[in-house]
Every structure is written in structure tokens, then in C-alpha cells.
Amino acid sequence: MMRQYELVERVQRYKPEVNEALLNKAYVYAMQKHGHQRRASGDPYFSHPLEVAAILTDMHVDEATIAVALLHDTIEDTTATRAEIDELFGPEMGRLVEGLTKLKKLDLVSRKAEQAENLRKLLLAIAEDVRVLLVKLADRLHNMRTLGHVPPEKRVRIAEETMEIYAPLAGRMGMQDMREELEDLAFRHINPEAYRTVTERLADVFQRNRGVIAEIEKSLSALFEKHRISAQVLSRQKKPWSVFRKMETKALSFEQLSDIFGFRVIVETVDDCYRALGAIHTTWSMVPGRFKDYISTPKQNDYRSIHTTIVGPSRQRVELQIRTREMDHIAEYGVAAHSIYKDTAGAAGEVSHAISRDTNAYAWLRRTIEALSEGDNPEEFLENTKLELFQDQVFCFTPKGRLIALPRGATPIDFAYAVHTDVGDTCVGAKVNGRIMPLMTELKNGDEVEIIRSKAQTPPAAWENVVVTGKARSAIRRATKLAARKQYSGLGARILERAFERAGKTFSKEALKPALHRLARKEVEDVLASVGRGEISSPDVLKAVFPDYKDERVTASTGKTREEGWVNLRNAAGMLFQLPGRASRKGRKQTDKAALPIRGVSGDLPVRFAPEGAVPGDRIVGILQPGSGITIYPIQSPSLTAFDDQPERWVDVRWDIDEDMKERFPARISVTAINEPGSLANISQVIASNDANIHMLSMLRTAPDFTEMMIDLEVWDLKQLNRLLSQLRDNPSVSDAKRVNG
């Protein structure tokens, strides 16, 4: 176990003016508090925070962060309190230790909601102070290094969580070495057989290629010396998890991998990076499509480097990374490399610490925190965050040259939402590199994307299955919910207007406010939407607003009123029926004043059509479907008999067709055709010549002489449909054609 003076010496190597008093005090306090506690391995528990501190010294963090690492388990696992740590080490240290304590459960969560809530806490804590992330990742790394002492079932769960959250998070924050080790440790526990196989193959390849690696290093060094470029050439081998993931995602065998070995070229300046690149490309051939300049366009985690692949000295592919020493430091330590230290005299020798927040890694974190405030449920947040953690990136530009970084596989829709939520919500099209392209187009590095917008646009729910960014997915869900709520609220308002009018009352939203508690709703809009969805009936609202109101309408149980022997029904929308039986429905009169105007599925009401369809010119009726709006039936539909004893669900509706907004409507016909070659073609020709569209066709019965088929059409109105049926009956290939009404 590392001794007190050894820890101080490790920090002094990179920070000579270290605050020894703070480290000594934290060391002694944590050791005393943990006392005789033991880990699962049997080692003293204090060895764990000490190893966490040692990991952080390799990142060259300040002594305040080292002290927090020593103390991070004291509140959780000992008699230490926040007040005690505040008194001894200052409130800043107390806040950090308590913040890590609140995140302790993240180590052991198994349920998705708990994991999501704890991930929220982690990201919020990191946003406040990045030292939380540094200590948490170091804590997880040491736990992973000693995971073999944990029971097998718990071991796999912790390894999976590490692979899903911690390793990608380390990568997102630019800590590549930390990410690779976490992935490697998790891989060996999640899939030990695959890990063993890949590791053995890599060791074998390394032995066989040792000479080739040395030759390439020698050739590159000689080249840079010739061009008077001060450069250090280092070989590196892909990690087992990286190899396994590439084999899986690209369906490659081990022998097909061409980049198991790579070489890193470390130079002094940015100018040297491009000079080295020029020397390499003028000496050996570049592999097309394998060049990336992350110096001019850094990754979101602040990674900067030039990547290129060449056909090297031995005629094999050689993958190269060219970077400065500063870039290499940032690539290894990420946000930890952006630390700014300021020693200030404070209580108990407290050291203040600031982190530059102008980094790309912090920009990503801020966007993620914004997503937290949008009100997604925990499971959605976890799903969206994982999506962004795992994705590689492409870089695209707005027409004004603004750089937008997106996950690989992103579409113009993702791009629009990355620019601004309003841009995404109003997106109707996109130009990619000056050409109009489908919104599902997968964007590539360097694409210039111009979004075409319309204020009348509402994002379709289907977009949710197209986009890849969490921000776009959350915004689409939110916009879809708001649009549906607006439709249901509008329908509910119209239903209540007619119900209040029939009761001799005046409807207003203000009148509903005093009754909100009786209706168990927080806002008036909630009441209107609930009425529109069929969750609350209009008589219930009337009774809540006017407790003395008595509904004199027919009840579903008796089927009669006190005054009349025949049924005279009025529903909440002001509809009048004369029942019983279908005949009275057919013979009823429609009152335009009371009826809700229907424009089709693209109108401002939540409307859908019955399977048999309805077209302008039909006399129609609406049935309120709880949770899904109104279903429109033609008045002669036999399906309506199922709702005869549910008068509260009937809604009087009328067509309100806008001539400027062309929309087809569904209708179903049955055609009996002569069974001979060309019959179907003749029928299709008649339908097409009448400007109708076949939506679906099915064969109901086939006999030697006749075939009966059901055709779902889309037509403009009843006149067009009747003309089409008449022409089908006159066709020599058709025996009979008729409309299906249920």
C-alpha cells in the first residue's frame, strides 16, 4: 500500500509547489475513518481510495482533487459527516465528497429507471465541477481492476454498466486512455471467451510482425530526419475490444483486419504536423478515403490529430496519427488536461480549482444538461444519452459556414434540430451540397446542409424512427405530444361549447377554472384535452361547473325519456337522433350549425376513418374513441349498430372541404371480375382513368370463372366514386362492382 510521503512525491513530480498539508491531512483522516474495514479481496479498505488517488496522479490533477479521492467514500461508508469535512477541509471539499456520495448507488443499479436517475445526477454534478467526473472514473477504474473478487452475477452487471456508460463517457470527455482500459476490463468479464481468443490472436500477430513494426518505425524516423522534422515515432496495437467490435460491426474475420497496428507521430508544432504529412504522402501512396484532419476540425471531445493510411515500406497498409505533444496530452487525459490551477489562501488550506469551460467536451455536456430540462422521462433520457455516447461523428456545415458535429448516421432532420429546436420543428426539406435531397439522407463529412422551413409544419411522429440524436428524438416526441394535445383540446372545446349551449349555459375557459379540482386536472387545457380524448364526458364537466345541473337526456339503461315513448337523443356535441334502429339514423336530419366540421385526417381535429371509409358527399357520423379522437363512418354503415347503446359517444359532424387543399378520402369497393388474362389490368385502367388511387387490393375468393376482390381506394368525393363504379360495371371484364359499407 502506498505510503503518505510516496503520494506527496507523486504529485510533486508535476506540481512542485504542492500543498503537502492538505494531502497529509486527507490521508490521515481517511485512513483513520476506514479503520479496520476490508474489501472483498481481503485488502484494507483504505487501499481503494489510495489507489484512486494514485490513478489521478497519473492524470496530473491538483492536490484538491487527490484529497477528494482519498475522502470520497468517508461519508458513505464511515462515521464521517458533511459538517465534519466542511470544518476540516472547507465547504468546497465537503460539497464534492457529498456529491460523490450521492452517486454511489450508480455502482450497483440494475433497474433501468434507477440507472437513468443516477446518470442524471452524475451529469449534473459533472456540469457543476469536473472533478466529480475525474474521481468517479478513477474510482470505477480501480473497481474494474479488482472486479475478479466480486461474485460472478454482480461482476457481469458492473462490467456491462461500465461498457454502456462509464467508458463512452470517458471517451466523450476526451480521456481516451481511460476509455480503452475500462473497455478492455469490461470486455474480459462480459465475454471472456471472445476476449481470450482475440488477445491470443493479437499476441501471435505481434510476435510474427515484430520485425515489420521495427522496419516501419525506422523508415519513418529516417524520413523525418531527412526533412529535418523533429518527430518521435511510436507503434501501437489495437485493443482487444476495438478489434472485436470492428469484426462484429463490419462482419470481418481477424485476417481481414488491416489496421491492427498503427503508428503515432509526435512533433513539436502544428506546422510540423503538416510538414510531416507532406513528407509521408510524397514518399508513399495514400489509401483513398482514409484521410481525416481533426486539427482543423477537432472532435467534440477536443481530440486533435491528423489521421492517414498509406501503403507503407513493406507494401502493407500503415495507419498513422500525426499530432503535437500538447495534442497527445489532451488525447490521453481529455478534460483533465484543461485544468487551470490557482492556489488561494483558504480555510484549512483549501485549494480552489477552476476548469476551462470553453472546450468541446463541455459543450456536449451542456447540450446534454439542456435535454434534462426538457422533461423527458428517465428511461428516454438514458436511451438518448447512450445513443450520443456511443456514436462516432460526422462534421457538416450550415450555408453560413457554422460547423455542426453530429453522430454518424445522422440525417438532415438531426442537423436541423442541432441548429435549433424551432428549425427542426419547421423543417420540410433540405438541400445537401446545393441539391434537394430526402430528409432520410445519411450525412457525410463536409456536407453543407440548408434546411427548408415552413411555419405550417408539425414534425411527423414517424421521424422519431429516422433520427439518431437524442435531442432530435426528444424534440419530436415533445412536438408530437403538443400537436395531439392541441387537436384534442380543440375538439374538447367544441364539444363543451355545444353541451353548454344545449344546457342553456355560456361556455368559457374561465368558467372551468373553479371546477379543476373536482375534475382532477391541473389546467383548463387538461380538461379540454381529456374531453376530446373521451376520458371525461361533457355531462361530468357540466355537473362539475354547475353542481345543481340535471341532465334530462335519455339514459343508456332505459332507452327512454320521461316525456316520449320513442328515443330522442342528444349528445354532448348537440347531435339529434331518432331511434330505435338503423332506419331512424338514415332518416335523421343533420344540423350544420351544431355539427363539427371535418376536413379529413390533415385537418385540425384528431380524426380517422372507419375501415370502409367515407368520402365527401356521404352523410357521415362521428364516434368518439377514448384516447384516439373521432372515427368517421358513413351513416349507412352497419358497424354503427355497435354504438346504439352508447349515445354519449356519438358526435354530429359535417364535411368542410377546402377546395385549395386537395385531399383524397378512403373508400372500399367489391369487384367481381371474369377470370381471364388481362382482367386486373382492365380494372386498374378504369380506376386510373378516373384519377383514383388503389391503396390496397386483396383477393377474397377465386372460382374457375370469377374472382372476387376487395379494393381500398382513395378518391376525391362521392361523385367521382359513383362514376368509377358505373364505368367498372360497364367494363366487359367485370361482372359486378359495388361499394362496401362495413
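**Sheet architecture and helix packing in the predicted model**

An open sheet of four strands, arranged in the order 17-19-18-20, shows mixed pairing in this predicted model. Its edges are formed by strand 17 (607–609) and strand 20 (650–651), each of which pairs on one side only. Within this sheet, strand 18 (residues 620–625) and strand 19 (residues 629–634) are joined in the antiparallel sense over six bridges. In this pairing, Val621 is placed opposite Tyr633 of strand 19.

A further open sheet of four strands follows the order 23-24-22-25, and its pairing is antiparallel. Strand 23 (693–702) and strand 25 (734–739) occupy the edges with a single partner strand each, so one side of each lacks a neighbour in the sheet. From one strand to the next, the twist averages 20°. Strand 22 (residues 665–674) and strand 24 (residues 706–715) run antiparallel and are linked by 10 bridges. Ile669 has Ile711 in strand 24 as its bridge partner. Two helices accompany this sheet. Helix 27 (residues 718–730) packs on the sheet and touches strand 22, strand 24 and strand 25. The direction of helix 27 makes about 160° with that of strand 25. Helix 26 (residues 679–689) lies across strand 22, strand 23, strand 24 and strand 25, and runs at about 20° to strand 24.

Strand 6 (residues 317–324) takes part in pairings of both senses. With strand 2 (residues 261–267), strand 6 pairs in the parallel sense over six bridges, and Val265 stands opposite Ile322 of strand 6. With strand 5 (residues 306–311), strand 6 runs antiparallel, again over six bridges. Here Ile310 has Val318 of strand 6 as its bridge partner. Strand 5 and strand 6 form a hairpin in which five residues lie between the two strands. In the turn of this hairpin, Arg315 adopts a positive phi of about 65°. Burial is extensive along strand 6: seven of its eight residues are buried, so the strand is largely enclosed by the rest of the structure.

Packing between helices is illustrated by helix 11 (residues 176–190) and helix 14 (residues 240–249), whose axes come within 8 Å and cross at roughly 75°. Since crossing angles of 65 to 115 degrees count as roughly perpendicular, the two helices are therefore assigned to that class. The contact brings together Arg179, Glu183, Asp184 and Phe187 of helix 11 with Pro240, Trp241, Phe244 and Arg245 of helix 14. By class, this contact comprises four nonpolar and four charged residues, with no polar residues.

At the level of the whole chain, the secondary structure comprises 27 helices and 25 strands. Of the 742 residues in the chain, 49% are buried. Among contacts with a separation of 6 or more, 66% involve residues 24 or more positions apart. The chain exposes about 35000 Å², of which carbon and sulfur atoms supply 50%.

Terms used: Residues numbered from 1 in each chain as written. Predicted model: local features only at pLDDT ≥ 70, side-chain atom pairs only at ≥ 80, totals over all residues. Heavy atoms only, no water. Axes fitted to C-alpha atoms, helices over the stretch in contact; angles between N-to-C directions. Parallel < 35°, antiparallel > 145°, perpendicular 65-115°, else oblique. Contact = heavy atoms within 4.5 Å. Nonpolar A, V, L, I, M, F, W, Y, C, P; charged D, E, K, R; others polar. Buried < 20%, exposed > 50% of the residue type's maximum accessible area, 1.4 Å probe, protein only. Pairing = 2+ DSSP bridges. Areas by Shrake-Rupley, 256 points an atom, 1.4 Å probe, with all protein chains shown as cover.
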